[in-house]
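Student: I have a model open on my screen and would like a close look at one part of it. Could you walk me through it slowly?

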Amino acid sequence: MTTEHSVIADEVRAEARAWIAAHWDPDLPLRTWREALADSGWGCPSWPADWYGRGLPPAMDPVVADELARAGAVAVAVGAGIALVAPTLLAHASDDLKSRLLRRIVTGEDTWCQLFSEPGSGSDLAGLRTRAERDGDEWVVNGQKVWSTSAHHADYGMLLARTDWDAPKHQGITYFAFPMRQPGVEVRALRQMNGHASFNEVFLTDARVPAANVVGDAGDGWRVALTTLMYERRAGAVSRPRYDPAAGRAVDEAAAEAEEYFATYSWYPQRAGRADLVADRARAASAAGAPVDPLVRQAVAAVVASQRVNHWTARRASAARAMGRPPGPEGSLAKLALSRLAKASAAAHASMSGAAAMVTTTDPVVAEVLVSVPAQSIAGGTDEIQRNVVGERVLGLPKDPQVDASVPFREVKRNAGRE
C-alpha cells in the first residue's frame, strides 16, 4: 500500500471506527442493523456514494471489514448477491433496477442463484436455448437450467435467455433479474456422487419476468454475463464469520443465516483437494514409522510448492483489486491453478492412503476428496474454457474457428432439448 493509501486508510479507519461505535448495538434486529449499514455506506464502502457505498477505493473495503470485526459487529450478507450480482448491476443495470435490488442484497432480504448453464450446451454458454418472448410489459420464459447452487431457496436468479433467434448466438441473449418464487418455476435437487446435494436443475414453464428487470439492454446479455463471469472466476473461498453466541440478537440471527448459507458449501474444501492436509498427513505417517516412498515425498513437495505459488498469485490479484483494477483474465489463470492443485492434492492423498482412500469408513475425508475434486475443473467454467481465455486474452493467440458465430442462431445445428 502506498503512503497516500496509508494516510487514506488511517482516516477511513478512524471514521469507520467512530461510526460503528456510535451505531452498533448487538441487540438490534439483524435487518435493522444492516439497513443502517446500507444507508451509511459503511457496508460496501467502495460502492458509489449514490448506491449504498461511500465511493472509496477498493483497498478500503478490508480496512472497514477489520473495524467491523474488531467491534464484533455483523457485516453485510454473504453470497452470490454481494459477490456476483451487485457488481454486475452496478456496471450495467438501470437506476430503477439498482434502486430496487441493491439495498436488499446488502441487507440480505433477497438471496440469489445463477441460471446460466444448460444441460444441452455444455461449456458453450452462448449456445443456450432457454427462450424469453416479450408479452407486453413482461417476458415469458421457457427452458431448463442446471448446476444452480441454492436455487431451492433463492428469491432471484441471474437468468440468461435467448430473446432473438435470428441474431448470431452471442448477440441474441438477454440478462434478467428473474423472480424465482412464482408459478412455472420448478427446482429439483441433484444428488452428487459425494452424497451432497448443493446443485439443482431448474425447469421454467411460462414463467414471467418484468421487462423492467432486464439488466443492460435486450440482446446485450452476453456482455453483461461476462462481467458476472469475471467476478465469479476471481472469487475465492468466502471465510465463515465467527460470532460470539452470547453477543445479542443481531449476532444470533447472523449466525443462523451463516449456518444455512455455508451448509451448502460444506464439501468445497474437499473439492479443492485439501492441500492443507497433505504435508501433515505425510509427517504423521513418517512419525508413525511408516516408510514414505520418495515419489510420494516429491508429490507432497509439489503440492506444498503449488499451494504457496497460488497464495502469492492471489495476493497479487488482491493488490490489483485494491488499486481499483477490474477483474480480468487473471481469474482464469487462478482457476486453472486451483484445478491443478486440487488434482495434485488428490493424487498425493491417494498415494499415501492406498486402496483405503476409496473406503469412507477408513478415511472419510480422503474418500470425499477423491469424488469431489473433479468438480473443481468444471464449476465456474471448465478448465478448457479457462485455457481459451488465457490463450486469447493473455497470450494473444487466434481464436479457434467458429462456424456458428456469425449465422442466425436458429440455423445452428444443436442437440434436441427442451426449448
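Student: Which helices each supply at least two residues of the lining of the largest cavity?

Tutor: Happy to take you there. Please keep in mind that this is a predicted model. The helices are H6 (221–234), H11 (330–353) and H13 (383–394), and each supplies at least two residues of the lining of the largest cavity.

Let us stay with that cavity for a moment. A search of the structure turns up one cavity of 30 Å³ or more, and the space in the largest cavity comes to about 30 Å³. Its lining is made up of Met230, Arg233, Gly328, Pro329, Gly331, Ser332, Val389 and Arg393. Sorted by character, the lining of the largest cavity has three nonpolar, three polar and two charged residues.

Helix H11 is a good guide to the next stop, since H11 and helix H10 (294–322) each supply at least two residues of the lining of the second largest pocket. That pocket has a volume of about 160 Å³. Around the second largest pocket you will find Ala302, Ser306, Val309, Asn310, Ala337, Arg340, Leu341 and Ala344. Here the lining divides into five nonpolar residues, two polar ones and one charged one.

From empty space, let us turn to the aromatic rings. The whole structure contains 13 aromatic pairs. Take tryptophan 139 and phenylalanine 176: their ring centres are 5.7 Å apart and their planes meet at 65°, so this pair counts as edge-to-face, the cut-off for that class being over 60 degrees. The two rings bring together distant parts of the chain, with tryptophan 139 in strand S3 (residues 138–146) and phenylalanine 176 in strand S5 (residues 173–179), 37 residues apart. Both tryptophan 139 and phenylalanine 176 are buried.

A second pair makes a nice contrast in geometry. Tyrosine 261 and tyrosine 265 have ring centres 5.0 Å apart and planes at 45°, so they form a tilted pair. Tyrosine 265 is partly exposed, with a relative accessible area of 21%. Both tyrosines also belong to a cluster in which ring pairs link Trp147, Phe199, Tyr261, Phe262, Tyr265, Trp267 and Tyr268.

Two rings of that cluster also have a charged neighbour. Arginine 271 has its charged end over the ring of tryptophan 267, 5.9 Å from the ring centre. Arginine 271 lies over the face of tyrosine 268 as well, at 4.0 Å from the centre of that ring.

Now back to tryptophan 139, this time for its backbone. Its strand, S3, pairs with strand S2 (residues 131–135) in the antiparallel sense, over five bridges. Tryptophan 139 is the bridge partner of arginine 134. S2 and S3 make a hairpin with two residues between them, and in the turn glycine 136 has a positive phi of about 65°.

One last stop is leucine 30, which you can find in helix H2 (residues 30–40). Leucine 30 is buried, its relative accessible area being 7%. Leucine 30 and alanine 250 stand 220 residues apart in sequence, yet their C-alpha atoms are 4.2 Å apart in space.

Terms used: Residues are numbered from 1 along each chain as its sequence is written. This is a predicted model: local features need pLDDT of at least 70, side-chain atom pairs count only at pLDDT 80 or more; totals for chains, interfaces and linings use all residues. Side-chain values use heavy atoms; hydrogens and water are left out. Rings of Phe, Tyr and Trp (its six-membered ring) pair if their centres lie within 6.5 Å; planes under 30 degrees apart count as stacked, over 60 as edge-to-face and the rest as tilted. Helices (H or I, at least four residues) and strands (E, at least two) are DSSP runs, numbered from the N terminus. Buried means under 20% relative accessible area, exposed over 50%, partly exposed in between (1.4 Å probe, protein chains only). A charge sits over a ring if NZ of Lys or CZ of Arg is within 6 Å of the ring centre and within 35 degrees of the ring normal. Two strands pair if DSSP finds at least two bridges between them. On a 1 Å grid over the protein atoms alone, a cavity is a set of points where a 1.4 Å probe fits but cannot get out, and a pocket is an open set with protein on both sides within 12 Å along at least five of seven lines; lining residues have an atom within 4 Å of a point. Grid points are joined across faces, edges and corners, and a volume is the space filled by probe spheres set on the points. Ala, Val, Leu, Ile, Met, Phe, Trp, Tyr, Cys and Pro count as nonpolar, Asp, Glu, Lys and Arg as charged, and the others, Gly among them, as polar.
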